[in-house]
Structure formats: structure tokens, C-alpha cells
Amino acid sequence: MPLTCQQLLTKYPAQWQAATTHPFLAQCQQASIQPQQFNTWLVQDYHFVVEFTRLAASLIKSAPTAHFDLLLGGMTVLKDELNWFQAKAIERHLSLDLPLQPTCQNYCSFMTDLAHEPYPVKATGFWAIELAYNQGWQGHSPMPEPYAEFADRWGNTAFTNYVELLAQQANSALQGADNATQIEVEKTFLTVAKLEKDFWQMAYEGIAAH
Ligand code: HMH
């Protein structure tokens, strides 16, 4: 029986829960988050998405042609998302030209390494990264202003459908994966869970954005 995305979630519920629930999200929902902490997250997540876009490009490079349609659609969403981050930064008078915090740096290095893994590993990692935000924001929705559009960006049902299709493509890639690749897939899933948890926590640490 080949490994599936659903099995990873069933096997590691505690790790996944920690990736998708955090005081950061709860405080956004209660509008009690400090603006400085929110802004720290915002600036670092912009840098994350830049690197994530490179990972998306690398995923397309190794994908079978049948997987292009979904992934190219995802690219269009990323184009919009990068422009949206820039608009949010201007609105909030934030410079995006800040150094990456260690946690963001770790996540970006992980994605650079992931680009060199076989397609089943990349596809599963990519799915897990998107699912973390989909479930994290959706699980804390609705959010009050000014956070509603953030919760909606990753929590909307069209995004949920996209993530479900990413799981189907990853599952089909996993069908042909050998044992060593499956082990790598599990490791990658757990690393994503850990990095997601750390990323929320990062908003409370380090140098605030200004
Ligand atoms: C940290 N994980 C993080 N940021 C994001 N924007 C996503 C996942 C979804 O793309």
C-alpha cells in the first residue's frame, strides 16, 4: 500500500495540530495581537512566499505534464499574492527590505533543499505547506478587521479545493515511490510541521518590523 497524504495527517496528529494552531492565530481572531507582532509575521512571510515561488517553479520542472494545469494555476495565485503583500506593506508603512529572521531563513533553506528531492517528496512537501496555512487560517475564521482578508486569503474554500487537488497529485506521485522515498516523504512532512509551528512563534521573537 503506497503512502498517502491523508495517512500522514492521521499518523502525526499532534505535530499537525501544533503547526496549525498557535496563540498568534488565536490573537488575530480576538484582535488582541500586537500590531508589531503582526507586522513581523507579515514581512517575514513575504520573504517566505518569494522562496516558496521558487519551490513552485522547481515543482513544475519535475512534474508530469498532467500536473501542469493545477500548478500553473497556483503560480497565478502566487503572482497575485506577492503583489498583495507589497500593497499590505505600503498600507502599513513597512519596509520589506529587512533581513530574514533565523526561523524564516531555516524555512527558506529547507525549501531550497526540497527542490533537489525527487518529485513525490517535493509534491508532498508543497501540499503540506499549503495545507498548513489553509487549515491554520480557516480554523481561526472568521477574523475581525483588519485581519479578515488575511484569514480569507488562505482560508477560503477555493483554496481548500486547490489544496485537496494538490493532495491528489501528491498521492499519485507517491504510488510509484520506493521505500527510501517514502521515508524521505515522512521526514519532509514532519519538518514542515515543525517549521510552521516555529514560524508562528517567530512573530513574538527577534527584531520587530518597523
Ligand atoms: C510560513 N507557510 C508559511 N507561509 C505561507 N504563506 C504559507 C505556508 C502558504 O503559502
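**Entry 1: polar contacts of the ligand**

I began with E130 and found one of its polar side-chain atoms 2.9 Å from an oxygen atom of the ligand. The model I am reading is a predicted one, so I note these distances as computed values. Next I looked at the nitrogen side of things. E196 places a polar side-chain atom 2.6 Å from a nitrogen atom of the ligand, and Y133 has a polar side-chain atom at 3.3 Å from a ligand nitrogen.

How much of the ligand's surface does the protein bury? I looked up the area: alone, the ligand exposes 290 Å², and 100% of that is buried by the protein.

**Entry 2: the shell**

I then listed the residues around the ligand: D45, F48, V49, Y107, I129, E130, Y133, W154, E196 and F199. Sorted by class, that shell holds 7 nonpolar residues, 3 charged ones and no polar ones. The two glutamates from my first entry, E130 and E196, are both on the list.

Which helices supply at least two residues of the shell each? I noted α4 (35–62), α7 (119–138) and α10 (179–202).

**Entry 3: the cavity that holds the ligand**

I wanted to know what kind of space the ligand takes, and the answer is the largest cavity. My search gave 3 cavities of 30 Å³ or more, and the largest has about 80 Å³ of space.

Its lining consists of D45, F48, V49, F52, E81, I129, E130, Y133, W154 and E196. I set this beside the shell: F52 and E81 are in the lining, while Y107 and F199 are in the shell around the ligand. By class, I wrote down 6 nonpolar and 4 charged residues for this lining, with no polar ones.

Which element gives the largest share of the lining? That is α4, with 4 residues. Both α4 and α7 supply at least two residues here.

**Entry 4: the second largest cavity**

I moved on to the second largest cavity, where about 60 Å³ of space lies. I found it lined by G74, V77, L78, E81, E130, W154, F159 and Y162. The elements giving two or more residues to this lining are α5 (68–91) and α9, and α5 makes the largest share with 4 residues. The class count is 5 nonpolar, 1 polar and 2 charged.

Some names were familiar by now. E81, E130 and W154 line this second largest cavity, and E81, E130 and W154 also appear in the lining of the largest cavity. E130 is also the residue with a polar side-chain atom 2.9 Å from a ligand oxygen.

**Entry 5: the largest pocket**

Pockets came next. The largest has a volume of about 170 Å³. It is lined by 13 residues, and those closest to its centre are Q6, W127, L131, E164 and A167. The elements with two or more residues in the lining are α1 (5–11), α7 and α9 (157–174).

How does the lining of this pocket divide by class? I get 6 nonpolar, 6 polar and 1 charged residue. For contrast, I looked back at the shell around the ligand, which has no polar residues.

I also kept a note on α7, an element that turned up again and again. It gives two or more residues to the pocket lining, at least two to the lining of the largest cavity and at least two to the shell around the ligand.

**Entry 6: backbone oddities**

Last, I checked the backbone. Most residues other than glycine have a negative phi, and most peptide bonds are trans. With that in mind, I picked out a few places to mark.

The peptide bond from S141 to P142 is cis, with omega near -5°. P142 belongs to the loop between α7 and α8 (148–155). Where does P146 lie? It is in the loop between α7 and α8, and the peptide bond leading to it from E145 is cis, with omega near 5°.

Then there is A31. It has a positive phi of about 55° although it is not a glycine. I located A31 in the loop between α3 (23–29) and α4.

Definitions and conventions:
Residues numbered from 1 in each chain as written. Predicted model: local features only at pLDDT ≥ 70, side-chain atom pairs only at ≥ 80, totals over all residues. Heavy atoms only, no water. Near = heavy atom within 4 Å. Polar contact = N/O pair within 3.5 Å; in protein donor to acceptor, adjacent residues only side chain to side chain. Areas by Shrake-Rupley, 256 points an atom, 1.4 Å probe, with all protein chains shown as cover. 1 Å grid on protein atoms, 1.4 Å probe; cavity = no way out; pocket = protein on both sides within 12 Å on 5 of 7 lines; lining within 4 Å. Sits in = over half its atoms within 2 Å of the grid points. Nonpolar A, V, L, I, M, F, W, Y, C, P; charged D, E, K, R; others polar. Points joined across faces, edges and corners; volume = space filled by probe spheres on them.
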